[in-house]
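Biologist: Hi! Could you pull up the model so we can chat through it together?
Modeller: Sure, here it is.

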Amino acid sequence: MKTRWGMLLIVPLVVSAALLFGSQFVFLKQSFFVDLPFGRKAASWSLANYTRILTDPYYLRTLWLTTYISLAVAAACVGFGFPIAKVLARRPSRWTTFLLCAIVLTSFITTVIQIFGIVIVFRADGPINRALLALGIVDRPFTIIGTPLGVIVGLVYASFGFGVMLMYAIVRTIPVTLDEAAAIHGATPLRTLWRVVLPLCLPGLIVAFLTIFNTSMGAFTSAALLGGGRVITLPVLIQRTMLLDVKYGMAGALAALLLLFVVLMNFVSIAILRRFRSVRLATV
Amino acid sequence: MNNAGIAPHPSPLPASGEREPSVSEAGEGSSVRVLRRIRWRTLVTVAYFIVIFTVLLAPLVVVIGGSFSAPPNERVVMSYVEFPPKRLTLEWYARIPHAQLRALGFSFVLGLGVSFAACLLGVPTALGLVRGRFRGKPIASAIVRAPLQIPHVVSGIAFLQLFYAVGDLGGAYVQGTTAGLFIGHVFMATPFVVGSVMAVLQRMNPRLEEAACVLGASPWRTFRRVTLPLIAPGVFTGALYAFIVSFVDVPVALFLASPDATTFPVELFNSMEQDFNPSSLASASLAAGFAIVLVFVAQRVVGLDGLLKPKTQ
Amino acid sequence: MTIRMRLLLAAGAALMLFSLTAAGQGSEDTRFAGVTLRVATWGGATRDGLRDYVASELERRGAKVEFVIGSPQDNLAKLIAAHGQVPFDVYEFLGTMRPEIEGRKLLAKLDMSKIPNAKGLKFEPPSDRMVPTWITEEMIVYNKDKFRADGIAPPRSLADLANPKLAGRIMIPDISSGGGIESVGAFALTAGGNETNIAPGLKLINELPGVRFWKAGGEVVTQFKSGDIWVAVAHAGWALRTARAGVPVATVPAQMGAHRGMVKEGYVGVIQGTRNQEAAEFFINTYLSPEAQAKFALKVGVVPVVQAARTKMGEDATLRELVILDPTKIDNMVRLDPQKIDLSKWNDEWNRTVAAR
């Protein structure tokens with residue numbers, strides 16, 4: 001009996017497409033009009049918004065700031081998270097389940113709540129500063145709020161759980177027998193990790209890195225709350241331009257820039273993944 | 001993989017007198033060395049885990065702990081939270097602003113609605129994409145997956161402007177209403193259901209359905225009795241993530257909410273900027289408690305693997 | 001009739017009489033029954049003060065009062081985003097925002113006959129769509145103990161904040177916060193600029209080592225308390241609240257040319273298109289009553305605009321220390337000219353100059 005499964009798609013696909021194209025169309029269209037005071041916009045379209053973004057050092061600096069913050073976040077999440085993911089993936093136990101649940105929990109909680117905690121933990125008389133002062137590492141309490149480091153910390157908290165979950169799934173795809181085979185051949189665990197597991201995981205890790213990078217480029221909450229008004233990343237700038245400055249055209253152009261960047265990164269990651277997959281299939 | 005540091009493959013015939021070193025070679029000295037190495041390694045691993053998880057969970061612990069912390073100065077309500085708490089109290093819970101409680105309930109109901117709608121849209125989509133035979137599947141798949149790529153800020157701004165445009169044309173404004181928020185969140189949440197159900201469907205053996213057909217069941221009956229139960233875990237996980245996406249969202253809600261329709265994260269966000277006091281920690285702890293329960297329940301229902309699936313591409 | 005019946009009749013008559021008078025009072029007290037009035041204002045003590053001393057009068061008459069919390073710039077954003085709909089009925093804003101708000105025609109005309117308390121105002125409202133409600137004194141607030149311990153002289157002008165010893169210990173208003181516009185103006189005046197040329201002021205702000213920005217005054221209190229900051233630019237009311245929280249602070253009106261200190265005016269208006277005009281006007285009238293003005297001022301640390309209330313300010317000792325009550329000194333304080341302020345340009349310049357490098 002042949003069921004026309006494809007027919008099921010029609011209604012939801014139309015809805016999805018309408019929402020997708022409808023929403024993207026309007027703001028993109030708006031971005032081609034220059035904003036005038038008091039919420040009015042210019043009568044005829046122009047590329048002025050875009051040229052301003054690409055030539056104004058302020059916008060370029062914002063893009064650079066957002067980029068290097070996102071790179072740091074992705075590096076931290078993958079760097080600190082991979083050992084966790086690997087150990088959890090290789091040694092299933094009751095502990096593993098519990099720890100993974102704790103990790104999933106952090107992504108079930110809205111970032112704002114994490115930031116409440118971060119602010120208290122990092123304040124001048126909080127545990128971190130007290131410890132640093134006691135150990136003599138600093139002679140005055142320091143603050144991370146209003147610095148790029150603070151935004152990076154907040155974003156790491158936001159993405160760490162997700163990163164670990166992603167890498168956990170990746171490591172799980174590598175059969176344990178490979179580790180065992182390497183061990184039989186006399187490799188130490190460290191060598192096995194470095195020469196066997198890591199190269200196989202690499203495409204997945206790159207995808208994880210790029211995904212977290214992308215998410216951080218578009219992340220708003222941490223930057224807004226921990227940036228202290230000084231660290232204005234692209235998403236924060238977009239929100240301010242739209243809601244506070246009420247410049248719909250410029251906000252649309254900035255959003256288009258962000259969108260373009262993110263989509264480009266996605267294509268790059270897919271291309272890398274495909275290339276590695278084909279290489280891997282060739283060698284295994 | 002020749003330079004992998006792995007000892008050369010042993011020849012089939014043992015060469016006389018020549019034996020490559022192997023881990024299993026047991027001499028008294030080397031086994032003790034191995035034992036010490038393992039213990040050292042385990043110690044380092046455990047220490048690393050403790051550090052990472054302490055750091056990871058510290059903010060949450062501080063929030064929940066701080067919500068019970070009594071202010072040192074009785075007369076004055078301050079925005080300063082005493083941590084570690086010197087005295088415990090429940091007063092912050094009693095003082096949770098009515099607006100925050102209302103927003104918490106609103107977010108909960110909104111999340112349920114979004115989850116439901118995402119399933120209504122997502123399950124047929126997944127079925128159509130996996131089982132359907134037609135050209136243009138990659139395009140359809142791309143359209144459906146697209147919201148995952150779009151940063152939430154961009155979605156927020158896009159929908160706000162869409163609603164303005166629609167309102168200007170048709171007279172019906174949905175920005176700042178529950179309906180507007182709902183639409184925006186469904187847009188963000190549906191791909192999670194689709195991905196999750198697709199993953200389960202792809203692993204499902206279609207012959208089970210064929211068998212049901214052969215045994216005389218109608219397509220609807222087959223769907224209800226065979227397919228649906230089998231994809232249920234995928235639907236559940238997808239629905240769970242759809243709920244979470246809506247429940248924790250800040251950027252889109254910031255654009256699409258209004259004093260009429262405010263979500264809980266937006267209330268907390270505003271309270272952090274404007275009106276911070278420990279009663280916000282109390283309501284945040286309520287939400288955190290709810291999340292803990294959710295994780296626990298989900299883990300029981302679909303197991304850990306089910307819980308982690310939708311995040312994969 | 002038996003005695004019992006007579007007693008019953010008497011009881012019934014008493015009950016009827018009682019219920020009639022109660023109903024009579026009720027009909028007077030339910031003038032605003034069914035009305036939900038939304039007031040957009042700052043959070044914290046401002047909202048508490050309005051709730052306890054102004055909204056309570058409305059609630060006694062059957063209304064429900066909800067507060068939409070945010071700085072006036074944030075609330076203006078909500079208003080604009082609402083695109084013609086009415087997200088709140090009463091709006092508290094700053095005098096320096098008048099051109100922005102009037103230019104967008106967001107306020108409704110007020111029926112001044114419903115606001116008789118306006119006759120007690122110290123000065124005339126600039127238009128019939130808004131009414132002043134308080135003035136605040138923008139000051140330099142500093143922690144006396146920390147300054148003394150580090151051997152730093154008490155600041156006299158904003159330029160004194162550019163002291164390396166204060167690195168990372170300074171907090172000034174973000175331009176989008178309630179104190180932001182005045183702060184930027186003050187820095188501009190200190191550095192030799194004015195309302196149309198704020199670049200020198202922004203340059204001065206950049207010279208403040210490790211300066212941070214506050215979005216809500218409550219942050220000032222918290223940061224003083226935890227020792228994260230030693231000096232801030234905020235209005236005297238925040239100093240008052242910080243002092244009440246146990247931090248030894250003092251206030252200094254900053255020297256700007258011939259003037260000492262800056263004054264900021266708060267206004268209230270009703271949003272165009274509201275359905276609760278009457279309740280809104282009643283709210284404003286109550287806000288301007290001498291009792292409400294005095295109690296609010298004592299709680300929040302602002303200076304009332306109604307003369308009769310000003311005399312009561314001297315009652316609180318801490319307030320007397322931190323808020324300047326001498327009328328000649330208040331008159332000597334700078335007031336920014338709203339007509340010269342191009343908020344859009346200010347925001348743009350701020351974003352460009354002051355964001356992290």
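Modeller: We can go through one chain, the interface and then some helix packing.

Biologist: Before we start, what kind of model is this?
Modeller: This is a predicted model.

Biologist: Okay. How many helices and strands does chain A have?
Modeller: Chain A has twelve helices and zero strands. Along the sequence, the pattern reads α-α-α-α-α-α-α-α-α-α-α-α.

Biologist: And what box do the C-alpha atoms of chain A fill?
Modeller: Taken along the principal axes, that box is roughly 75 × 75 × 35 Å.

Biologist: Let's switch to the interface. How many residues does the contact take from chain B and from chain A?
Modeller: Chain B gives 92 residues and chain A gives 90 residues.

Biologist: What area is buried between them?
Modeller: About 8,000 Å² is buried between chain B and chain A, and carbon and sulfur atoms give 80% of that. On the chain B side, B:L56, B:Q161 and B:M272 supply 8% of the area that chain B buries against chain A, more than any other three residues.

Biologist: How many salt bridges does the rule find across the interface of chain B and chain A?
Modeller: Zero salt bridges.

Biologist: Good to know. Which helices could we look at across the interface?
Modeller: Try helix α1 (residues 6-30) of chain A against α5(B): their axes come within 8 Å and cross at roughly 85°. That angle lies between 65 and 115 degrees, so α1(A) is roughly perpendicular to α5(B).

Biologist: Which residues make that contact?
Modeller: From α1(A), they are A:L19, A:G22, A:S23, A:Q24, A:V26, A:F27 and A:Q30, and from α5(B) they are B:V154, B:A158, B:F159, B:Q161, B:L162 and B:A165. The residues of this α1(A) and α5(B) contact divide into eight nonpolar, five polar and no charged.

Biologist: Now a pair within chain B. At what angle do α5 and α6 pack?
Modeller: Helix α5 (residues 152-170) of chain B and helix α6 (residues 178-203) of chain B pack at about 140°, and their axes are 11 Å apart. That makes α5(B) oblique to α6(B).

Biologist: Is the crossing of α5(B) and α6(B) left-handed or right-handed?
Modeller: The crossing is right-handed.

Biologist: Which residues meet there?
Modeller: B:H152, B:S155, B:F159 and B:F163 in α5(B) meet B:G180, B:I183, B:G184, B:F187 and B:M188 in α6(B). The residues of the α5(B) and α6(B) contact are five nonpolar, four polar and no charged.

Biologist: So where does B:F159 show up?
Modeller: B:F159 is in the contact of α5(B) with α1(A), and B:F159 is also among the α5(B) residues that meet α6(B).

Definitions and conventions: Residues are numbered from 1 along each chain as its sequence is written. Chains are lettered from A and ligands numbered from 1 in the order in which they are written. This is a predicted model: local features need pLDDT of at least 70, side-chain atom pairs count only at pLDDT 80 or more; totals for chains, interfaces and linings use all residues. Side-chain values use heavy atoms; hydrogens and water are left out. Axes are lines fitted to C-alpha atoms, for helices over the stretch in contact, and angles run from 0 to 180 degrees between N-to-C directions. Helices (H or I, at least four residues) and strands (E, at least two) are DSSP runs, numbered from the N terminus. Angles under 35 degrees count as roughly parallel, over 145 as roughly antiparallel, 65 to 115 as roughly perpendicular and the rest as oblique. A crossing is left-handed if the near helix is turned anticlockwise from the far one by less than a right angle, and right-handed if clockwise. Contact means heavy atoms within 4.5 Å. Ala, Val, Leu, Ile, Met, Phe, Trp, Tyr, Cys and Pro count as nonpolar, Asp, Glu, Lys and Arg as charged, and the others, Gly among them, as polar. Buried area is the accessible area (1.4 Å probe) that two parts lose on being put together, summed over both. A salt bridge is a side-chain nitrogen of Lys or Arg within 4 Å of a carboxyl oxygen of Asp or Glu.
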